[in-house]
Amino acid sequence: MFNKEQTIIPLKSKVWLSSPTMHGEELKYMKEAFETNWMSTVGENINEAEHMTAEKIGCKYAVALSSGTAALHLAVKLAGEKVYGNTVLGKGALHGRRVFCSDMTFDATVNPVVYEGGIPVFIDTEYDSWNMDPASLEKAFEIYPDVKIIVIAHLYGTPGKIDEIRRVADKHGALIVEDAAESFGAAYKSGQTGGYGDYACISFNGNKICTGTSGGMFLTNAKEDADKVRKWSTQARENAPWYQHEELGYNYRMSNINAGVVRGQLPYLEEHIRQKKAIYYKYKENFKDLPVSMNPIPKECEPNYWLSCLLIDKAAMCRQVRGEKDVLYTSEHGKSCPTEILEALVSINAEGRPIWKPMHMQPIYRMNGFVTRDGNGRARTNAYIHSTFVDVGADIFERGLCLPSDNKMTPEQQENIIEIIKRCFA
Ligand SMILES: *Cc1c(COP(=O)(O)O)cnc(C)c1O
């Protein structure tokens with residue numbers, strides 16, 4: 001248990017990592033759907049939510065689906081069919097094919113590759129953006145020159161270096177699936193994330209910056225892709241008087257009720273971003289004398305500031321040992337670690353979270369390839385202690401954490417949170 005705490009009064013109401021923020025219009029659109037009996041996966045809320053999302057991203061088509069994961073699944077399937085031809089029933093469009101994937105991310109980024117029979121190969125993270133490292137990606141093409149699909153996530157709402165990734169992808173004739181689930185509203189150079197991939201998705205899960213309680217959107221500029229995804233998501237019916245099927249279908253369409261929530265939320269996206277940005281900069285300002293840094297913002301990026309994160313300087317890490325499912329640490333004067341800070345947050349009724357544990361460290365993916373800028377990360381893991389080899393994802397996971405980032409957090413609540421984190425380094 002956390003024991004550097006002296007007299008910080010627990011927060012009266014819990015501060016969440018990131019919880020839904022409702023405004024009222026959501027209920028109006030839900031009610032409208034109810035009263036007109038469009039209580040299904042068809043209706044005005046869906047049409048409007050799709051239209052508004054496409055407009056915000058600056059792409060031609062958005063298809064409303066039941067989750068961000070569903071959107072990613074169909075994006076990955078579409079990419080697979082584009083590159084490798086039609087799906088063999090029961091084997092998936094990516095059967096036996098390697099796909100390069102972000103490594104430090106939520107597993108929903110990579111699972112769809114496996115749904116389609118593919119084999120994720122993980123690309124290490126860069127310190128600049130905490131996203132896929134373009135140099136490691138280039139290295140990966142040296143090792144696996146046949147790969148034709150890249151799945152890249154923009155973590156915590158900060159865009160990765162998508163134009164450098166694009167340059168590498170084009171050089172090797174690969175398609176990009178962009179997982180903008182966490183970064184809705186974030187901009188890279190002149191464009192929005194979700195507008196750079198050949199196929200892209202965003203999420204409206206309950207803790208994302210805009211929510212539909214659950215839901216997601218598939219994004220594209222090609223009408224035929226949008227039509228295909230809409231068809232697959234509604235059980236892949238052919239145009240016939242009966243239920244006629246030529247392809248495998250899914251029940252992935254968004255409900256008109258969820259779309260009502262999304263429709264009510266969308267006008268508040270910019271407000272949510274402003275609130276989250278203020279939270280990020282307040283942390284940054286108040287931690288400037290601590291041996292820590294905030295999650296970085298690369299040049300020419302405007303994040304959506306979905307989650308504020310902290311990285312503890314190497315020299316200020318107390319001893320922390322993580323097993324597969326548990327952790328031990330030793331409290332030390334002047335030092336701390338993510339576990340101690342997370343416990344301190346719990347002690348005052350606030351919620352933080354460890355950094356996404358990198359996929360190459362996950363038991364489910366321990367046999368998959370992992371490439372760092374030095375080359376094959378798996379081959380080098382054993383030599384870790386004896387070389388200058390860096391595994392950036394493992395390092396950020398070791399030293400980093402997500403801070404309470406709820407946009408309903410008051411300045412006073414945030415000041416208490418800042419105070420208890422300062423005590424951790426006492
Ligand atoms: C939330 C999330 C998803 C999945 O979205 P759901 O709507 O929860 O299915 C995918 N990738 C990342 C990086 C996410 O954070």
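**Note on the predicted structure: pocket, cores and sheets**

1. The largest pocket has a volume of about 420 Å³, and the model in which it is found is a predicted one. Of the 19 residues lining this pocket, those closest to its centre are Arg322, Gly323, Lys357, Met361 and Phe397. Three elements give two or more residues to the lining, namely strand 13 (320–322), helix 10 (338–347) and helix 12 (392–399), and helix 12 gives the most, with four residues.

2. As to the character of this lining, its residues divide into eight nonpolar, three polar and eight charged. For a student new to pockets, it may help to recall that rolling a probe the size of a water molecule over the atoms shows where empty space is left.

3. The largest nonpolar core holds 68 residues, and the members that touch the most others are Tyr156, Phe287, Ile417 and Ile421. When residues up to four places away in sequence are not counted, Phe287 touches Val292, Met294, Leu310, Leu403, Ile418 and Ile421. There is also a second, separate core of 32 residues, which includes Ala70, Val76, Ala79 and Val113. In soluble globular proteins, nonpolar side chains tend to be buried together.

4. Nine strands form an open sheet whose order is 1-9-8-5-4-2-3-16-17, and the pairing in it is mixed. Its edge strands are strand 1 and strand 17 (375–376), each of which pairs on one side only. Within this sheet, the parallel sense is illustrated by strand 4 (residues 149–153) and strand 5 (residues 175–179), which pair over five bridges; Ala153 has Asp179 as its bridge partner in strand 5.

5. Strand 9 (residues 216–220) deserves a careful look. With strand 1 (residues 61–65) it pairs in the antiparallel sense over five bridges, and Tyr61 has Thr220 of strand 9 as its bridge partner. Strand 8 (residues 199–203) also pairs with strand 9 in the antiparallel sense, here over four bridges, with Phe218 of strand 9 as the bridge partner of Cys201.

6. Is strand 9 buried or exposed? Five of its five residues are buried, so strand 9 is largely enclosed by the rest of the structure. In a regular strand the side chains alternate between the two faces of the sheet. Both faces of strand 9 are covered, since Gly216, Phe218 and Thr220 on one side are buried, and Met217 and Leu219 on the other are buried as well.

7. A separate description is needed for the open sheet of four strands, which has the order 10-12-18-15 and antiparallel pairing. Strand 10 (292–294) and strand 15 (353–354) stand at its edges with a single partner strand each, so one side of each is left without a neighbour in the sheet. Strand 15 pairs with strand 18 (residues 400–402) in the antiparallel sense over two bridges, and Leu401 in strand 18 is the bridge partner of Pro354.

8. Turning to the helices, helix 8 (residues 256–265) has nine of its 10 residues buried, so it is largely enclosed by the rest of the structure. The buried residues of helix 8 are Asn256, Asn258, Ala259, Gly260, Val261, Val262, Arg263, Gly264 and Gln265. What covers these buried residues includes helix 1 (25–35), helix 2 (44–57) and helix 9 (269–286).

Terms used: Residues numbered from 1 in each chain as written. Predicted model: local features only at pLDDT ≥ 70, side-chain atom pairs only at ≥ 80, totals over all residues. Heavy atoms only, no water. 1 Å grid on protein atoms, 1.4 Å probe; cavity = no way out; pocket = protein on both sides within 12 Å on 5 of 7 lines; lining within 4 Å. Points joined across faces, edges and corners; volume = space filled by probe spheres on them. Nonpolar A, V, L, I, M, F, W, Y, C, P; charged D, E, K, R; others polar. Core = buried A, V, L, I, M, F, W, Y, C linked by side-chain atoms within 4.5 Å. Buried < 20%, exposed > 50% of the residue type's maximum accessible area, 1.4 Å probe, protein only. Contact = heavy atoms within 4.5 Å. Pairing = 2+ DSSP bridges.
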